[in-house]
Amino acid sequence: MMNRGQYRTPSPLISRTSTVLFNSIEQLRETNAAMAAGDRWASTYGTHTTPTTAALEEILVAGEGGAGVELSPTGLAAITTAYVAMLKAGDHFLVTDSAYGPARRLADTVMAKMGVEVEYYDPLIGAGIAELIRPNTTAIWLESPGTHTFEVQDIPAIVAAARAVDHRVVTAIDNTWGSPGYLRPFDLGVDISVVALTKYWSGHSDVLAGATFANAELLPKVRDASTTLGMTLGGEDAFLLVRGSRTVDMRLAACGANGLEVAKRLEAHRRVGRVLHPALPSDPGYAIFKRDFHGTAGLFAFELLAPDGVSPSTAEQVDAFTDRLVALGHFGLGYSWGGYESLVMPARWSGITRLARPWTGGQLVRLNIGLESPDLVWADLAAALDADEQVAAEP
Ligand SMILES: Cc1ncc(COP(=O)(O)O)c(C=O)c1O
(Lines give C-alpha, C1' and ligand atoms only; values in the text may rest on other atoms or scores of the structure.)
Protein backbone atom coordinates (compact mmCIF):
# COMPACT_ATOMS: atom_id res chain seq x y z
CA MET A 1 0.00 0.00 0.00
CA MET A 2 1.47 3.33 -1.12
CA ASN A 3 0.14 5.30 1.83
CA ARG A 4 2.18 3.38 4.41
CA GLY A 5 5.01 5.13 6.24
CA GLN A 6 6.23 8.72 6.14
CA TYR A 7 6.52 9.18 2.39
CA ARG A 8 4.94 12.58 1.69
CA THR A 9 5.08 14.63 -1.51
CA PRO A 10 3.73 18.06 -2.53
CA SER A 11 2.01 16.52 -5.55
CA PRO A 12 -0.38 13.58 -5.29
CA LEU A 13 0.83 10.23 -6.56
CA ILE A 14 -0.73 9.17 -9.85
CA SER A 15 -3.39 6.52 -9.26
CA ARG A 16 -4.12 4.37 -12.28
CA THR A 17 -6.94 2.29 -10.94
CA SER A 18 -10.01 0.38 -11.97
CA THR A 19 -10.17 -2.12 -9.12
CA VAL A 20 -10.12 -1.15 -5.47
CA LEU A 21 -9.32 -4.03 -3.11
CA PHE A 22 -10.81 -4.52 0.36
CA ASN A 23 -9.37 -6.59 3.18
CA SER A 24 -12.78 -7.64 4.47
CA ILE A 25 -16.50 -7.15 4.15
CA GLU A 26 -16.25 -4.86 7.14
CA GLN A 27 -13.88 -2.56 5.28
CA LEU A 28 -16.13 -2.68 2.19
CA ARG A 29 -19.11 -1.75 4.38
CA GLU A 30 -17.18 1.16 5.95
CA THR A 31 -16.06 2.44 2.56
CA ASN A 32 -19.59 2.37 1.19
CA ALA A 33 -20.80 4.25 4.26
CA ALA A 34 -18.04 6.86 3.93
CA MET A 35 -18.89 7.37 0.25
CA ALA A 36 -22.57 7.78 1.08
CA ALA A 37 -21.58 10.38 3.69
CA GLY A 38 -19.73 12.37 1.00
CA ASP A 39 -16.11 11.43 1.76
CA ARG A 40 -14.42 11.88 -1.64
CA TRP A 41 -11.31 9.99 -0.49
CA ALA A 42 -13.38 6.83 0.00
CA SER A 43 -13.88 4.86 -3.21
CA THR A 44 -15.03 1.40 -4.23
CA TYR A 45 -14.10 1.66 -7.92
CA GLY A 46 -11.84 3.69 -10.23
CA THR A 47 -14.70 5.54 -11.95
CA HIS A 48 -15.73 7.06 -8.61
CA THR A 49 -12.66 8.78 -7.19
CA THR A 50 -8.99 7.94 -6.75
CA PRO A 51 -6.52 9.67 -4.41
CA THR A 52 -5.40 11.73 -7.43
CA THR A 53 -8.87 12.88 -8.47
CA ALA A 54 -9.89 13.48 -4.84
CA ALA A 55 -6.87 15.79 -4.44
CA LEU A 56 -7.83 17.60 -7.65
CA GLU A 57 -11.47 17.99 -6.56
CA GLU A 58 -10.40 19.72 -3.33
CA ILE A 59 -8.28 22.22 -5.25
CA LEU A 60 -11.01 22.87 -7.82
CA VAL A 61 -13.74 23.51 -5.26
CA ALA A 62 -11.43 25.85 -3.33
CA GLY A 63 -10.95 27.82 -6.58
CA GLU A 64 -14.47 27.80 -8.02
CA GLY A 65 -16.74 27.55 -4.97
CA GLY A 66 -19.82 25.36 -4.74
CA ALA A 67 -20.44 22.37 -2.52
CA GLY A 68 -18.63 19.86 -4.72
CA VAL A 69 -17.57 18.89 -8.21
CA GLU A 70 -17.73 15.97 -10.64
CA LEU A 71 -14.90 15.41 -13.12
CA SER A 72 -15.25 14.35 -16.72
CA PRO A 73 -13.00 13.61 -19.70
CA THR A 74 -13.80 16.83 -21.60
CA GLY A 75 -15.49 20.17 -21.06
CA LEU A 76 -18.32 19.05 -23.33
CA ALA A 77 -18.79 15.94 -21.16
CA ALA A 78 -19.09 18.25 -18.13
CA ILE A 79 -21.85 20.15 -19.97
CA THR A 80 -23.54 16.79 -20.67
CA THR A 81 -23.46 15.99 -16.95
CA ALA A 82 -25.08 19.33 -16.14
CA TYR A 83 -27.82 18.90 -18.76
CA VAL A 84 -28.68 15.39 -17.59
CA ALA A 85 -28.72 16.57 -13.96
CA MET A 86 -31.14 19.43 -14.75
CA LEU A 87 -33.47 18.21 -17.49
CA LYS A 88 -36.12 15.60 -18.23
CA ALA A 89 -38.70 14.98 -20.95
CA GLY A 90 -41.30 17.75 -21.17
CA ASP A 91 -39.01 20.45 -19.77
CA HIS A 92 -38.49 23.82 -21.41
CA PHE A 93 -34.79 24.80 -21.46
CA LEU A 94 -33.66 28.38 -22.06
CA VAL A 95 -30.19 28.61 -23.61
CA THR A 96 -28.21 31.79 -24.27
CA ASP A 97 -27.68 32.45 -27.97
CA SER A 98 -23.99 33.05 -27.18
CA ALA A 99 -23.44 29.48 -25.95
CA TYR A 100 -20.45 27.41 -27.08
CA GLY A 101 -21.44 25.64 -30.35
CA PRO A 102 -21.21 22.02 -29.18
CA ALA A 103 -23.32 22.93 -26.09
CA ARG A 104 -26.01 24.08 -28.54
CA ARG A 105 -25.66 20.93 -30.61
CA LEU A 106 -26.03 18.76 -27.52
CA ALA A 107 -29.22 20.63 -26.58
CA ASP A 108 -30.60 20.57 -30.14
CA THR A 109 -29.93 16.89 -30.74
CA VAL A 110 -29.63 14.61 -27.72
CA MET A 111 -31.71 16.68 -25.30
CA ALA A 112 -34.35 17.45 -27.93
CA LYS A 113 -34.55 13.75 -28.80
CA MET A 114 -35.14 13.03 -25.12
CA GLY A 115 -38.14 15.38 -25.15
CA VAL A 116 -36.63 18.65 -23.91
CA GLU A 117 -37.86 21.80 -25.64
CA VAL A 118 -34.92 24.12 -26.26
CA GLU A 119 -35.35 27.88 -26.76
CA TYR A 120 -32.51 30.33 -27.37
CA TYR A 121 -32.59 33.76 -25.77
CA ASP A 122 -30.76 37.01 -26.40
CA PRO A 123 -27.65 36.97 -24.16
CA LEU A 124 -28.35 40.64 -23.31
CA ILE A 125 -31.93 39.95 -22.22
CA GLY A 126 -31.25 40.49 -18.48
CA ALA A 127 -34.41 40.73 -16.37
CA GLY A 128 -36.46 40.37 -19.56
CA ILE A 129 -35.93 36.62 -19.35
CA ALA A 130 -38.89 36.58 -16.97
CA GLU A 131 -41.16 36.86 -20.01
CA LEU A 132 -39.71 33.66 -21.49
CA ILE A 133 -40.12 31.53 -18.36
CA ARG A 134 -43.03 29.12 -18.72
CA PRO A 135 -44.62 26.77 -16.17
CA ASN A 136 -42.46 23.94 -17.57
CA THR A 137 -39.20 25.92 -17.76
CA THR A 138 -36.79 24.08 -15.49
CA ALA A 139 -33.35 25.39 -16.43
CA ILE A 140 -31.53 28.42 -17.86
CA TRP A 141 -28.10 28.07 -19.46
CA LEU A 142 -25.68 31.02 -19.38
CA GLU A 143 -22.24 31.68 -20.80
CA SER A 144 -20.69 35.01 -19.89
CA PRO A 145 -18.91 36.38 -21.69
CA GLY A 146 -19.84 34.28 -24.72
CA THR A 147 -16.55 32.91 -25.96
CA HIS A 148 -17.06 33.93 -29.60
CA THR A 149 -19.01 37.17 -29.40
CA PHE A 150 -18.17 38.22 -25.80
CA GLU A 151 -21.53 39.58 -24.63
CA VAL A 152 -21.56 40.03 -20.85
CA GLN A 153 -24.77 38.69 -19.33
CA ASP A 154 -26.58 40.25 -16.38
CA ILE A 155 -26.29 37.13 -14.25
CA PRO A 156 -27.89 38.48 -11.03
CA ALA A 157 -30.92 39.72 -13.03
CA ILE A 158 -31.36 36.33 -14.69
CA VAL A 159 -30.95 34.50 -11.37
CA ALA A 160 -33.50 36.83 -9.75
CA ALA A 161 -36.01 36.15 -12.54
CA ALA A 162 -35.45 32.40 -12.18
CA ARG A 163 -36.11 32.65 -8.45
CA ALA A 164 -39.16 34.87 -8.76
CA VAL A 165 -41.40 32.14 -10.18
CA ASP A 166 -43.29 29.61 -8.05
CA HIS A 167 -41.57 26.53 -9.43
CA ARG A 168 -37.85 25.71 -9.33
CA VAL A 169 -35.84 27.04 -12.27
CA VAL A 170 -32.19 26.01 -12.09
CA THR A 171 -29.50 28.36 -13.43
CA ALA A 172 -26.27 26.95 -14.85
CA ILE A 173 -23.29 28.68 -16.44
CA ASP A 174 -20.35 27.77 -18.62
CA ASN A 175 -17.68 29.60 -16.61
CA THR A 176 -14.63 28.46 -18.55
CA TRP A 177 -13.61 32.07 -19.36
CA GLY A 178 -13.84 33.33 -15.76
CA SER A 179 -12.49 30.37 -13.78
CA PRO A 180 -10.89 30.35 -11.31
CA GLY A 181 -11.92 33.39 -9.38
CA TYR A 182 -12.58 36.03 -12.04
CA LEU A 183 -16.26 35.15 -12.05
CA ARG A 184 -17.62 33.45 -8.94
CA PRO A 185 -20.99 32.11 -10.11
CA PHE A 186 -22.06 30.70 -6.73
CA ASP A 187 -21.63 34.13 -5.12
CA LEU A 188 -24.12 35.42 -7.71
CA GLY A 189 -26.67 32.71 -6.91
CA VAL A 190 -26.04 30.39 -9.88
CA ASP A 191 -26.74 26.71 -9.07
CA ILE A 192 -24.34 24.87 -11.39
CA SER A 193 -21.03 25.97 -12.92
CA VAL A 194 -19.30 24.08 -15.70
CA VAL A 195 -15.64 24.62 -16.54
CA ALA A 196 -13.60 23.15 -19.40
CA LEU A 197 -10.44 22.38 -17.43
CA THR A 198 -8.88 21.89 -20.86
CA LYS A 199 -8.36 25.67 -20.99
CA TYR A 200 -6.80 27.76 -18.19
CA TRP A 201 -6.74 25.15 -15.42
CA SER A 202 -4.60 22.87 -17.56
CA GLY A 203 -2.85 25.80 -19.18
CA HIS A 204 -0.41 23.81 -21.28
CA SER A 205 -2.64 22.61 -24.15
CA ASP A 206 -1.99 18.97 -23.33
CA VAL A 207 -5.01 17.86 -21.28
CA LEU A 208 -8.72 17.43 -22.04
CA ALA A 209 -10.96 17.55 -18.96
CA GLY A 210 -14.12 19.07 -17.54
CA ALA A 211 -15.68 19.90 -14.19
CA THR A 212 -19.32 20.24 -13.16
CA PHE A 213 -19.63 22.16 -9.87
CA ALA A 214 -22.89 22.50 -7.96
CA ASN A 215 -24.33 24.09 -4.86
CA ALA A 216 -25.51 21.86 -2.02
CA GLU A 217 -29.03 21.56 -3.42
CA LEU A 218 -28.04 20.46 -6.92
CA LEU A 219 -24.94 18.44 -6.03
CA PRO A 220 -26.79 15.12 -5.48
CA LYS A 221 -28.33 15.43 -8.96
CA VAL A 222 -24.96 16.25 -10.52
CA ARG A 223 -23.30 13.32 -8.74
CA ASP A 224 -26.11 11.00 -9.83
CA ALA A 225 -25.88 12.16 -13.47
CA SER A 226 -22.10 11.80 -13.49
CA THR A 227 -22.19 8.29 -12.04
CA THR A 228 -25.02 7.21 -14.33
CA LEU A 229 -23.21 8.50 -17.42
CA GLY A 230 -19.90 6.90 -16.41
CA MET A 231 -18.02 10.21 -16.27
CA THR A 232 -14.52 9.97 -14.90
CA LEU A 233 -11.01 11.35 -15.38
CA GLY A 234 -7.79 9.36 -15.70
CA GLY A 235 -5.09 9.66 -13.07
CA GLU A 236 -2.44 11.15 -15.34
CA ASP A 237 -4.75 13.92 -16.56
CA ALA A 238 -5.84 14.59 -12.97
CA PHE A 239 -2.19 14.82 -11.96
CA LEU A 240 -1.43 17.28 -14.77
CA LEU A 241 -4.40 19.39 -13.67
CA VAL A 242 -3.13 19.47 -10.08
CA ARG A 243 0.17 20.66 -11.49
CA GLY A 244 -1.60 23.29 -13.64
CA SER A 245 -3.57 24.45 -10.59
CA ARG A 246 -0.34 25.54 -8.86
CA THR A 247 0.16 28.34 -11.38
CA VAL A 248 -3.32 28.95 -12.77
CA ASP A 249 -3.89 32.21 -10.88
CA MET A 250 -0.61 33.69 -12.08
CA ARG A 251 -1.04 32.45 -15.64
CA LEU A 252 -4.59 33.73 -15.86
CA ALA A 253 -3.52 37.14 -14.52
CA ALA A 254 -0.64 37.33 -17.01
CA CYS A 255 -2.72 36.17 -19.98
CA GLY A 256 -5.43 38.66 -19.00
CA ALA A 257 -3.03 41.59 -18.66
CA ASN A 258 -1.22 40.73 -21.91
CA GLY A 259 -4.53 40.31 -23.73
CA LEU A 260 -5.88 43.63 -22.51
CA GLU A 261 -2.71 45.40 -23.61
CA VAL A 262 -2.98 43.86 -27.08
CA ALA A 263 -6.71 44.68 -27.21
CA LYS A 264 -5.99 48.35 -26.45
CA ARG A 265 -3.40 48.54 -29.22
CA LEU A 266 -5.79 46.84 -31.65
CA GLU A 267 -8.49 49.39 -30.84
CA ALA A 268 -6.25 52.14 -32.16
CA HIS A 269 -5.37 50.38 -35.43
CA ARG A 270 -7.04 51.62 -38.62
CA ARG A 271 -7.82 48.10 -39.88
CA VAL A 272 -9.67 47.17 -36.71
CA GLY A 273 -13.37 47.87 -36.17
CA ARG A 274 -14.87 46.89 -32.85
CA VAL A 275 -12.72 45.07 -30.31
CA LEU A 276 -14.95 42.63 -28.39
CA HIS A 277 -13.29 42.61 -24.99
CA PRO A 278 -15.43 43.14 -21.86
CA ALA A 279 -12.57 44.77 -19.90
CA LEU A 280 -12.29 47.65 -22.40
CA PRO A 281 -14.25 50.73 -21.26
CA SER A 282 -15.58 50.99 -24.84
CA ASP A 283 -17.26 47.58 -24.57
CA PRO A 284 -21.07 47.66 -24.11
CA GLY A 285 -20.72 45.05 -21.34
CA TYR A 286 -18.08 47.00 -19.40
CA ALA A 287 -20.32 48.25 -16.55
CA ILE A 288 -21.68 44.79 -15.77
CA PHE A 289 -18.22 43.30 -16.21
CA LYS A 290 -16.78 45.72 -13.60
CA ARG A 291 -19.64 44.92 -11.26
CA ASP A 292 -19.50 41.09 -11.45
CA PHE A 293 -15.99 40.07 -12.53
CA HIS A 294 -12.75 40.24 -10.57
CA GLY A 295 -10.35 40.12 -13.52
CA THR A 296 -10.07 39.39 -17.21
CA ALA A 297 -9.00 36.33 -19.18
CA GLY A 298 -6.88 36.59 -22.34
CA LEU A 299 -9.48 35.52 -24.92
CA PHE A 300 -11.27 38.13 -27.03
CA ALA A 301 -12.10 39.01 -30.63
CA PHE A 302 -11.96 41.90 -33.05
CA GLU A 303 -13.57 42.92 -36.32
CA LEU A 304 -11.10 43.05 -39.18
CA LEU A 305 -11.73 45.88 -41.64
CA ALA A 306 -10.81 45.94 -45.33
CA PRO A 307 -7.51 47.63 -46.30
CA ASP A 308 -9.41 50.92 -46.82
CA GLY A 309 -9.94 50.96 -43.04
CA VAL A 310 -13.68 51.54 -43.47
CA SER A 311 -15.50 48.69 -45.20
CA PRO A 312 -15.96 45.32 -43.59
CA SER A 313 -13.33 42.82 -44.67
CA THR A 314 -14.20 39.91 -46.91
CA ALA A 315 -13.78 36.29 -45.90
CA GLU A 316 -10.75 36.06 -48.21
CA GLN A 317 -9.14 39.06 -46.54
CA VAL A 318 -9.61 37.44 -43.12
CA ASP A 319 -7.98 34.26 -44.35
CA ALA A 320 -5.07 36.16 -45.90
CA PHE A 321 -4.55 38.19 -42.73
CA THR A 322 -4.58 34.98 -40.65
CA ASP A 323 -2.01 33.30 -42.90
CA ARG A 324 0.28 36.34 -42.72
CA LEU A 325 -0.03 36.43 -38.93
CA VAL A 326 0.67 32.74 -38.46
CA ALA A 327 3.71 32.91 -40.77
CA LEU A 328 5.29 35.51 -38.47
CA GLY A 329 5.67 32.91 -35.72
CA HIS A 330 4.07 34.02 -32.45
CA PHE A 331 0.50 32.87 -33.19
CA GLY A 332 -0.66 29.33 -33.80
CA LEU A 333 -3.80 28.74 -35.85
CA GLY A 334 -5.89 26.58 -33.54
CA TYR A 335 -9.34 26.12 -32.03
CA SER A 336 -8.55 26.03 -28.36
CA TRP A 337 -7.55 28.69 -25.83
CA GLY A 338 -6.39 29.13 -22.24
CA GLY A 339 -2.91 27.73 -22.87
CA TYR A 340 0.46 29.42 -22.47
CA GLU A 341 0.68 30.21 -26.19
CA SER A 342 -1.08 32.75 -28.35
CA LEU A 343 -3.60 31.45 -30.88
CA VAL A 344 -5.73 32.93 -33.64
CA MET A 345 -8.98 31.60 -35.13
CA PRO A 346 -11.29 33.49 -37.51
CA ALA A 347 -14.93 33.10 -36.51
CA ARG A 348 -15.77 32.07 -40.07
CA TRP A 349 -13.88 28.82 -39.42
CA SER A 350 -15.51 28.11 -36.07
CA GLY A 351 -18.99 29.33 -36.94
CA ILE A 352 -21.38 31.61 -35.07
CA THR A 353 -24.88 30.17 -34.94
CA ARG A 354 -27.65 32.56 -33.89
CA LEU A 355 -31.40 32.23 -33.50
CA ALA A 356 -32.52 34.82 -30.95
CA ARG A 357 -30.11 37.63 -31.78
CA PRO A 358 -28.62 37.39 -35.27
CA TRP A 359 -24.95 38.36 -35.50
CA THR A 360 -24.81 41.65 -37.41
CA GLY A 361 -21.16 42.54 -36.81
CA GLY A 362 -18.31 42.16 -39.29
CA GLN A 363 -15.80 39.36 -39.76
CA LEU A 364 -14.50 38.40 -36.33
CA VAL A 365 -11.02 37.19 -35.54
CA ARG A 366 -10.61 35.53 -32.13
CA LEU A 367 -7.32 35.79 -30.27
CA ASN A 368 -6.08 33.81 -27.30
CA ILE A 369 -3.22 35.83 -25.86
CA GLY A 370 -0.79 33.69 -23.90
CA LEU A 371 2.26 34.29 -21.75
CA GLU A 372 4.52 35.78 -24.43
CA SER A 373 5.58 39.40 -24.17
CA PRO A 374 2.72 41.56 -25.50
CA ASP A 375 5.31 43.54 -27.48
CA LEU A 376 6.32 40.45 -29.45
CA VAL A 377 2.72 39.42 -30.03
CA TRP A 378 1.77 42.94 -31.03
CA ALA A 379 4.70 43.20 -33.46
CA ASP A 380 3.29 40.22 -35.40
CA LEU A 381 -0.25 41.57 -35.30
CA ALA A 382 0.81 45.02 -36.45
CA ALA A 383 2.92 43.57 -39.28
CA ALA A 384 0.05 41.35 -40.46
CA LEU A 385 -2.43 44.25 -40.26
CA ASP A 386 -0.14 46.72 -42.00
CA ALA A 387 0.93 44.46 -44.86
CA ASP A 388 -0.18 45.38 -48.37
CA GLU A 389 -3.05 43.20 -49.29
CA GLN A 390 -3.91 41.87 -52.68
CA VAL A 391 -6.37 39.07 -52.27
CA ALA A 392 -8.29 37.65 -55.16
CA ALA A 393 -11.95 37.13 -54.38
CA GLU A 394 -13.04 33.50 -54.45
CA PRO A 395 -14.73 32.74 -57.81
C1 LIG B 1 -16.58 27.96 -23.61
C2 LIG B 1 -16.21 26.52 -23.78
N3 LIG B 1 -16.87 25.62 -23.05
C4 LIG B 1 -16.61 24.30 -23.16
C5 LIG B 1 -15.66 23.84 -24.04
C6 LIG B 1 -15.47 22.36 -24.17
O7 LIG B 1 -14.24 21.92 -23.71
P8 LIG B 1 -13.61 20.57 -24.31
O9 LIG B 1 -12.92 20.96 -25.58
O10 LIG B 1 -12.70 20.09 -23.24
O11 LIG B 1 -14.75 19.63 -24.56
C12 LIG B 1 -14.94 24.75 -24.81
C13 LIG B 1 -13.91 24.28 -25.77
O14 LIG B 1 -13.51 24.97 -26.66
C15 LIG B 1 -15.24 26.13 -24.69
O16 LIG B 1 -14.61 27.04 -25.44
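**Notebook: helix α7, the sheet, the domains and the ligand shell**

I looked up α7 first and listed its buried residues: D237, A238, F239, L240, L241, V242, G244 and S245. I counted a residue as buried if 20 or more other C-beta atoms lie within 10 Å of its own, as exposed if 12 or fewer do, and as partly exposed in between, with C-beta atoms placed from the backbone. Helix α7 spans residues 235-245 and is mostly covered, with eight of its 11 residues buried. Helices (H or I, at least four residues) and strands (E, at least two) are DSSP runs numbered from the N terminus.

The model is predicted: local features need pLDDT of at least 70, side-chain atom pairs count only at pLDDT 80 or more, and totals for chains, interfaces and linings use all residues. Residue numbers start from 1 along each chain as its sequence is written.

What covers the buried residues of α7? I found that the cover includes α2 (51-64) and α8 (248-267). Contact here means that the C-beta atoms of two residues, placed from the backbone, lie within 7 Å.

Next I traced the sheet. It is open, has seven strands with mixed pairing, and runs in the order β1-β7-β6-β5-β4-β2-β3. The edge strands β1 (68-72) and β3 (117-121) each pair on one side only. I took two strands as paired if DSSP finds at least two bridges between them. From one strand to the next, the twist averages 20°. Helix α2 packs on this sheet and touches β1, β6 (192-196) and β7 (210-214), its direction making about 125° with that of β1. Axes are lines fitted to C-alpha atoms, for helices over the stretch in contact, and angles run from 0 to 180 degrees between N-to-C directions.

I then checked one pair of strands. β4 (residues 137-143) and β5 (residues 170-174) pair in the parallel sense over five bridges. The bridge partner of A139 in β5 is V170.

For the domains, I noted domain 1 (25-245) and domain 2 (248-386), with bounds from an automatic or database domain assignment. Their C-alpha centres lie 27 Å apart. The contact takes 32 residues from domain 1 and 36 residues from domain 2. On the domain 1 side, α4 (101-113), β3 and α7 are the elements that give two or more residues.

Last, I listed the residues around the ligand, among them T74, Y100, D174, T198 and S336. A residue is near a molecule or strand if its C-beta atom, placed from the backbone, lies within 6 Å of it.
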